[in-house]
Amino acid sequence: MSGTENTMGPTILVTGGTGTLGGHVVRMLTEQGLPVRVLSRSERPSADGVEYVTGDLRENTGIDAALDGIGTVLNLAGGPKGDDEVARNISRAASEAEVRHLVHISVVGADRMPLGYLRTQLAAERAVIGSGVPWTVLRAAQFHDLVFGVARAMAKLPVVPAPTGLRFQPVASEEVAARLVELALAGPSGRADDLVGPEVLTMPDLVRDYLRLQGKRRPFLPFPLPGAAGRAYRSGLNLTLDGADVGKRTWSDFLAARVG
Ligand SMILES: NC(=O)c1ccc[n+]([C@@H]2O[C@H](COP(=O)([O-])OP(=O)(O)OC[C@H]3O[C@@H](n4cnc5c(N)ncnc54)[C@H](OP(=O)(O)O)[C@@H]3O)[C@@H](O)[C@H]2O)c1
C-alpha cells in the first residue's frame, strides 16, 4: 500500500488488543467513543466499536490491510519470543503506510538486564525508534497479572525458592493501559518515563501475601541466582527506583480483588 492511498480516519490500530494489556486499552479507547481496530492471529466477529482483522506480526501477514486508514498504532503484541521481529514488521509497514504515531510497550530494564528476553525488547524498541514513524515508547514493570501466575505456582511448592536480592515493582496492567491511552492521544513523545508499581517487593513478600489470603504458610529457601543475570537482579538493574511514574494500585489491592 502506498502512503498516498492511506486516507487516515480516527480509527486506532491496537496490536495485542486481545491480550491482558491490550484488552484494557481497547476498552478504554471505546469508552471514549474512539473507533478501534484490533489485529489478532484468530478470527473474531467485530462488535461494540471494535473491528477485528486477522494477521500475524511474526509471520508478517495481514499487516498492510490492518494499517489501511490508520493514523495511530499501539503495538502491544508480544510473546515469549520474537517481539523484535514483530516490532520490525509493524514498524516497516507503519512507515510505508505513513502512520503518524507508533506507540510501543516495552519492559523496564530492557537496556540493562543481561537476559535474552530483555535484549529482544531492546531490539524491538530500536526497530520502532529507527522506523522513521513519529514514536512513543513506554517501559513498564511486571504486571500484577504476570507476577500472580508466578506467585501462585511458587505457593504450590512445599518449600518456596527465594532468590536473594530479587525484587519487583509490580504494576497494575489497567494503570499501564491508562497511561498508554493518554500517550497515544497526546501525540509522539519519544521515551516516556518508566511506569512502575508503588512497592518494591521480594519473592517471599509476593508469595506470603498470596498464601495469607488462603490461610496458608510455607517455608522459604533463600538461594543466590547464579551468573550475570543474578548479579544484575541483585544490583536492581530490573528496577526503576528514581524518576519513574508510580502507579497507585498495590499488590494487596490486586490480590484482594483477584483472590479475596
Ligand atoms: N506482562 C508483563 O508483565 C509486561 C510488563 C511490561 C511490558 N509488557 C509488554 O506488554 C506486552 C503485552 O503483554 P500482555 O501481558 O498483555 O500479553 P498477553 O496477555 O500474553 O497478550 C499477548 C497479545 O499479543 C498478541 N500476539 C502475540 N503474538 C502475536 C503475533 N505473532 N501476531 C499478532 N499478535 C500477536 C496476542 O494476540 P492473539 O493471540 O489474539 O493473536 C495477544 O493479544 C508484552 O509482550 C510485553 O512486551 C508486559
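**The ligand site and the two largest pockets**

Let me start with the make-up of the ligand's surroundings: sorted by class, the shell around the ligand has 12 nonpolar, 9 polar and 4 charged residues. Please keep in mind throughout that this is a predicted model, and that the values I quote are computed from it.

In total, 25 residues surround the ligand, and the closest of them are Thr 18, Leu 21, Ser 40, Arg 41 and Phe 143. If we ask which elements of secondary structure supply at least two residues each to that shell, they are α1, covering 20-31, β2, covering 36-40, β5, covering 101-107, and α4, covering 116-129. Among the contributors to the shell, β5 gives the most, with 3 residues.

Now to the polar contacts, of which I will go through three. On the nitrogen side, an atom of the ligand lies 2.9 Å from an N or O atom in the side chain of Asp 56. On the oxygen side, a polar backbone atom of Gly 78 is 3.1 Å from an oxygen atom of the ligand, and for Gln 121 a polar side-chain atom is found 3.4 Å from a ligand oxygen. As for how much of the ligand is covered, taken on its own the ligand has 900 Å² of accessible area, and the protein covers 84% of that.

Where, then, does the ligand sit? It is placed in the largest pocket, whose volume is about 960 Å³. That pocket is lined by 38 residues, and those closest to its centre are Leu 76, Ala 77, Gly 78, Gly 79 and Asp 83; Gly 78 you will remember from the backbone contact with the ligand. At least two lining residues come from each of α1, β2, α3 (83-96), β5, α4 and α5 (144-155), and here β5 again gives the most, with 4 residues. By class, the lining of the largest pocket divides into 16 nonpolar, 15 polar and 7 charged residues.

Let me finish with the second largest pocket, which has a volume of about 360 Å³. It is lined by 17 residues, and Leu 115, Gln 142, Leu 146, Phe 168 and Tyr 233 lie nearest its centre. The elements giving two or more residues to this lining are α4, α5 and α7, the last of these spanning 203-213, and α5 gives the most, with 5 residues. As to class, the lining of the second largest pocket has 15 nonpolar and 2 polar residues, and no charged ones, whereas the lining of the largest pocket includes 7 charged residues.

Key. Residues numbered from 1 in each chain as written. Predicted model: local features only at pLDDT ≥ 70, side-chain atom pairs only at ≥ 80, totals over all residues. Heavy atoms only, no water. Near = heavy atom within 4 Å. Polar contact = N/O pair within 3.5 Å; in protein donor to acceptor, adjacent residues only side chain to side chain. Areas by Shrake-Rupley, 256 points an atom, 1.4 Å probe, with all protein chains shown as cover. 1 Å grid on protein atoms, 1.4 Å probe; cavity = no way out; pocket = protein on both sides within 12 Å on 5 of 7 lines; lining within 4 Å. Sits in = over half its atoms within 2 Å of the grid points. Nonpolar A, V, L, I, M, F, W, Y, C, P; charged D, E, K, R; others polar. Points joined across faces, edges and corners; volume = space filled by probe spheres on them.
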